[in-house]
Amino acid sequence: MDEWISLISDVGFPIVVTLYLLYRIENKLNTLNDTMQNLPARFREAMTDRFL
């Protein structure tokens, strides 16, 4: 917690909030990227199951 307080006092509150939000959105973007990459395979599986 002391690291956060010193970071806020050094660079300012808006920069700390921006860095926090960028960190949070990075995780969500990685999950979205993985989902998009797996989507064609899931469609193929769904179509194969549907016609068999």
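How many residues does helix α2 have, and how far does it reach from its first C-alpha to its last?

## The main helix

In this predicted model, helix α2 covers residues 13-51 and has 39 residues. Its reach from first C-alpha to last is 57 Å, close to the 57 Å expected at 1.5 Å a residue.

Helix α2 is nevertheless bent: at Leu39 there is a bend of about 40 degrees. A proline, Pro40, follows within four residues.

## Overall form

The chain contains two helices and zero strands. Along the principal axes, its C-alpha atoms fill a box of roughly 65 × 15 × 10 Å. The radius of gyration of the chain is 20 Å, whereas a compact globule of 52 residues would have a value near 10 Å.

## Surface and charge

Of the 52 residues in the chain, 4% are buried. The accessible surface comes to about 5100 Å², and carbon and sulfur atoms account for 63% of that surface.

The chain carries 5 positive and 7 negative side chains. The centres of these two sets lie 17 Å apart.

## A closer view of Asp34

Is Asp34 buried, partly exposed or exposed? Asp34 belongs to helix α2, and its relative accessible area is 44%. Because this value lies between the 20% limit for buried residues and the 50% limit for exposed ones, Asp34 is classed as partly exposed.

Asp34 can also be compared in position with Asp2. The two are 32 residues apart in sequence, and their C-alpha atoms are 35 Å apart in space.

Technical notes
Residues numbered from 1 in each chain as written. Predicted model: local features only at pLDDT ≥ 70, side-chain atom pairs only at ≥ 80, totals over all residues. Heavy atoms only, no water. Rg over C-alpha atoms; globule rule 2.2 N^0.38 Å. Buried < 20%, exposed > 50% of the residue type's maximum accessible area, 1.4 Å probe, protein only. Areas by Shrake-Rupley, 256 points an atom, 1.4 Å probe, with all protein chains shown as cover. Lys, Arg positive; Asp, Glu negative; His and termini not counted. Charge placed at Lys NZ, Arg CZ, Asp CG, Glu CD. Expected span 1.5 Å × (residues − 1). Bend = angle between axes of the 7 residues up to and from the residue.
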